[in-house]
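Good morning, and thank you for making the time. I should like to take you through one structure today, beginning with its strands and ending with its open and enclosed spaces.

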Amino acid sequence: RLLMTERAHSRRILNWGEVSEVTKQEFPELDVLNVRWEQYPMREQFRLATTAVGLVGMHGANLQWVVFAQKGGILIKFCPSMCDMFQTGYNNDASSNYGFFARLRGLDTFNYKARQQEGVCAHGTAWRNCDVRIDPKMYRKFLHSYKPQLGKRLQPFLQCQPTMDL
């Protein structure tokens, strides 16, 4: 299972449905589940996180559950263009706490930094308050550019589905 984590108040992806659909199309072999953590009790959040092969979402607290994701999986992280903590790329977010957590679990990180024209600072001027509208074509291109790395990371999970009883 690949979890698409959605933020509720700030740093939202305004066209979440389109981004989710691209993710589902690019990972047809995985169960891609859209998650808003606040809609689940803590026990269910834990169950979802521990059975996930990876998380996809905007940089922020919604990615904290990466600490419990399956070892060897992936983290696909979005960030507004004004954020200077990392650039688009593969395993290049040394200053990010979520990247650090991902590395502790042996996950590879794939960072998508929204281009300037994708940013919408609806809540102010600080990047922490900026919502984004991700260009679906650019996101698909991003995923295709890392297809070998993504495929290598996800292949072991396609052969067996992890289970965990709580």
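Two strands are said to pair if DSSP finds at least two bridges between them. With that in mind, consider Gly 54, whose bridge partner in β4 is Ile 74. Please note that this is a predicted model, and that every value I quote is computed from it.

Let me set out the overall architecture. The protein has five helices and eight strands. Along the sequence they follow the pattern β-α-β-α-β-β-β-α-β-β-β-α-α. The protein has 166 residues, of which 47% count as buried.

I turn now to the sheet, strand by strand. Strand β1, residues 2-5, runs parallel to β3, and four bridges join the two. Within that pairing, Leu 2 stands opposite Gly 54 in β3. Gly 54 therefore has a partner in β1, namely Leu 2, as well as one in β4, namely Ile 74, under the bridge definition just given.

How many bridges hold β3 and β4 together, and in which sense do they pair? There are five bridges, and the sense is parallel, with β4 covering residues 74-79. Further along the same pairing, Gly 57 has Lys 77 as its bridge partner in β4.

On its other pairing, β4 meets β6, again in the parallel sense, over six bridges. One of the residue matches here is Cys 79 with Lys 113 in β6. In this way β3 pairs with β1 and with β4, and β4 in turn pairs with β6.

How well covered are these strands? In β3, residues 54-58, five of the five residues are buried, so the strand is largely enclosed by the rest of the structure. For β4 the count is six of six residues buried, and the strand is mostly covered. The cover extends to both faces of β4: Ile 74, Ile 76 and Phe 78 are buried on one side, and Leu 75, Lys 77 and Cys 79 are buried on the other. Those who noticed a lysine in that list may wish to look at Lys 77 on the display; it is the residue that partners Gly 57.

From β4 we can step across to Phe 110, which is found in strand β6. Phe 110 has a relative accessible area of 1%, and is therefore buried. Its C-alpha lies 6.1 Å from that of Leu 75, although the two residues are 35 apart in sequence.

Phe 110 also brings us to the aromatic residues. Together with Phe 78, Tyr 112, Tyr 139, Phe 142 and Tyr 146, Phe 110 forms one aromatic cluster. Nine aromatic pairs are counted in the model. Take first the rings of Tyr 112 and Phe 142: their centres are 5.3 Å apart and their planes stand at 90°, so this is an edge-to-face pair. The pair links distant parts of the chain, since Tyr 112 belongs to strand β6, residues 108-113, and Phe 142 to helix α4, residues 136-145, with their positions 30 residues apart in sequence. Both Tyr 112 and Phe 142 are buried.

Phe 142 has a further aromatic contact, with Tyr 146. Here the ring centres are 5.3 Å apart and the planes are at 65°, so the pair is again edge-to-face. Phe 142, at 6% relative accessibility, counts as buried, and so does Tyr 146, at 16%.

Another ring has a charge for company. Lys 147 lies over the face of Phe 27, at 5.5 Å from the ring centre.

Finally, the empty space. Rolling a probe the size of a water molecule over the atoms shows where such space is left. The count comes to one cavity of 30 Å³ or more, and the largest cavity has a volume of about 30 Å³. Which residues line the largest cavity? They are Thr 5, Glu 6, Arg 7, Arg 11, Arg 12, Ile 13, Trp 16 and Met 58. By class, three of these are nonpolar, one is polar and four are charged.

The largest pocket holds about 170 Å³ of space. Its lining includes Glu 6, Arg 7, His 9, Trp 37, Gln 45 and Trp 65. The full lining has four nonpolar, five polar and three charged residues. Glu 6 and Arg 7 appear in the lining of the largest cavity and in that of the largest pocket.

That concludes my presentation, and I welcome discussion.

Methods: Residues are numbered from 1 along each chain as its sequence is written. This is a predicted model: local features need pLDDT of at least 70, side-chain atom pairs count only at pLDDT 80 or more; totals for chains, interfaces and linings use all residues. Side-chain values use heavy atoms; hydrogens and water are left out. Rings of Phe, Tyr and Trp (its six-membered ring) pair if their centres lie within 6.5 Å; planes under 30 degrees apart count as stacked, over 60 as edge-to-face and the rest as tilted. Buried means under 20% relative accessible area, exposed over 50%, partly exposed in between (1.4 Å probe, protein chains only). A charge sits over a ring if NZ of Lys or CZ of Arg is within 6 Å of the ring centre and within 35 degrees of the ring normal. On a 1 Å grid over the protein atoms alone, a cavity is a set of points where a 1.4 Å probe fits but cannot get out, and a pocket is an open set with protein on both sides within 12 Å along at least five of seven lines; lining residues have an atom within 4 Å of a point. Grid points are joined across faces, edges and corners, and a volume is the space filled by probe spheres set on the points. Ala, Val, Leu, Ile, Met, Phe, Trp, Tyr, Cys and Pro count as nonpolar, Asp, Glu, Lys and Arg as charged, and the others, Gly among them, as polar.
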